[in-house]
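Trainee: Could you take me through a close look at one buried part of this protein and the elements around it? I'd like to know which residues meet there, and then how that part sits within the whole chain.

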Amino acid sequence: DKDEAKGFQWLQKSAQEGVMVAVFQMGVCYEQGRGTLTDPPQAVSHFREAATHLVVDAMVALARCLERGFGAPKDEREAVAWYRKASDRNPSAMYLLGRALQEGRGAERDEIRAVELYLAAAHHHHDLAPLQIGVSYQHGIGVPRDEAEALRWFMRGAERGNADAMLHVALSFSTGLGTTEDLERYRWWLGRAAEAGNEKA
């Protein structure tokens with residue numbers, strides 16, 4: 001695409017002038033092959049440069065690469081360190097750090113702190129956080145088990161368009177989890193989950 005290639009050239013020019021947001025955007029281009037060839041090591045190099053200059057989105061992008069071993073050796077501990085640095089300002093970092101702590105990846109397992117991070121991310125309108133909060137309440141992970149509270153959070157996630165949350169709402173109505181059994185509402189939410197792309201619905 002000629003427009004993407006031209007955009008990449010402008011980013012290069014800005015990056016050479018020391019504009020760190022442009023350095024980060026070049027990393028995105030290398031990661032996704034936009035305006036240039038896909039080059040995972042170059043993506044990581046650009047994310048790292050921008051992250052060390054406190055570009056928060058670059059910190060999250062770098063952590064994601066390190067977490068999955070994309071363009072650099074897999075390093076969950078360093079990924080968690082970058083999520084921590086970004087987590088006071090970035091809802092994705094809050095959420096992803098929560099996942100790492102809940103699962104004990106790259107840091108000691110801390111289920112209570114994980115839920116706190118999910119709540120903070122949800123407060124900042126992160127789309128996936130309500131589902132994780134719901135799962136935490138459903139199974140008593142880091143919080144007391146509370147099926148009604150789980151359904152409330154599944155509903156919040158569903159209202160934000162999360163297909164997995166919609167399926168959890170449907171299943172709650174089919175089994176009476178945190179509510180009274182309601183097969184009509186079960187079928188309605190199951191249909192919505194399928195429309196939203198949930199293959200299990």
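**A close look at one glutamine and its surroundings**

Mentor: Happy to! If we set aside its neighbours within four places in sequence, Gln 102 is in contact with Arg 109, Asp 110, Glu 111, Ala 114, Tyr 118, Gln 132, Ser 136 and Ile 141. Keep in mind as we go that this is a predicted model. Gln 102 itself belongs to helix α6, which runs over residues 91–103. Its relative accessible area is 9%, and because the cut-off for buried is under 20%, Gln 102 counts as buried.

Two of those partners, Gln 132 and Ser 136, lead us to helix α8, where they are listed among the buried residues. Helix α8 covers residues 129–139, and nine of its 11 residues are buried, so it is mostly covered. Besides Gln 132 and Ser 136, the buried set is made up of Ala 129, Pro 130, Leu 131, Ile 133, Gly 134, Tyr 137 and Gln 138. What do these residues pack against? Their partners are four helices: α6, then α7 (111–123), α9 (147–159) and α10 (163–175). A general point may help when you turn the model on screen: an α-helix has 3.6 residues a turn, so residues three or four places apart point the same way.

The backbone on either side of α8 deserves a look too. Just after the helix, Gly 140 has a positive phi of about 65 degrees. Before the helix, in the loop between α7 and α8, you will find His 125. This histidine also takes a positive phi of about 65 degrees, although it is not a glycine. As a general rule, most residues other than glycine have a negative phi. With a relative accessibility of 61%, His 125 counts as exposed. Leu 54 gives you another non-glycine residue with a positive phi, here near 70 degrees. Leu 54 is placed in the loop between α3 (40–52) and α4, and its relative accessibility of 59% makes it exposed.

From that loop we can step into helix α4, which spans residues 56–68 and includes Arg 64. Is Arg 64 buried, exposed or partly exposed? Its relative accessible area is 40%, which makes it partly exposed. Beyond its neighbours within four places in sequence, Arg 64 touches Tyr 83 and Leu 96. Lys 6 is another matter: it is 58 residues away from Arg 64 in sequence and 27 Å away in space, C-alpha to C-alpha.

Toward the start of the chain, helix α1 (residues 2–16) and helix α2 (residues 20–32) have axes that come within 8 Å and cross at roughly 140 degrees. The crossing of α1 past α2 is left-handed. On the α1 side the contact is made by Phe 8, Leu 11, Gln 12, Ser 14 and Ala 15, and on the α2 side by Ala 22, Val 23, Gln 25, Met 26, Cys 29 and Tyr 30. Sorted by class, that contact has eight nonpolar residues, three polar ones and no charged ones.

Helix α2 also holds Gly 27, a buried residue with a relative accessible area of 0%. Not counting residues up to four places away in sequence, Gly 27 touches Ala 43, His 46 and Phe 47. Between Gly 27 and Arg 48 the C-alpha distance is 9.0 Å, with 21 residues separating them in sequence.

If you are planning around thiols, how many disulfides does the structure hold? There are zero. The closest cysteine sulfur to that of Cys 29 is in Cys 65, and at 14 Å the pair is too far for a bond, because a disulfide needs sulfur atoms within 2.5 Å. Cys 29 is buried, at 6% relative accessible area, and Cys 65 is buried as well, at 1%.

Finally, let's step back to the whole chain. There are 11 helices and zero strands, and 44% of the 201 residues count as buried. Along its principal axes, the C-alpha trace spans about 60 × 40 × 25 Å. Among contacts with a separation of 6 or more, 42% come from residues 24 or more positions apart. The chain exposes about 10,600 Å², and carbon and sulfur atoms supply 48% of that area.

Technical notes: Residues are numbered from 1 along each chain as its sequence is written. This is a predicted model: local features need pLDDT of at least 70, side-chain atom pairs count only at pLDDT 80 or more; totals for chains, interfaces and linings use all residues. Side-chain values use heavy atoms; hydrogens and water are left out. Buried means under 20% relative accessible area, exposed over 50%, partly exposed in between (1.4 Å probe, protein chains only). Axes are lines fitted to C-alpha atoms, for helices over the stretch in contact, and angles run from 0 to 180 degrees between N-to-C directions. Helices (H or I, at least four residues) and strands (E, at least two) are DSSP runs, numbered from the N terminus. A crossing is left-handed if the near helix is turned anticlockwise from the far one by less than a right angle, and right-handed if clockwise. Contact means heavy atoms within 4.5 Å. Ala, Val, Leu, Ile, Met, Phe, Trp, Tyr, Cys and Pro count as nonpolar, Asp, Glu, Lys and Arg as charged, and the others, Gly among them, as polar. Accessible areas come from the Shrake-Rupley method with a 1.4 Å probe; for residues, only the protein chains shown count as cover.
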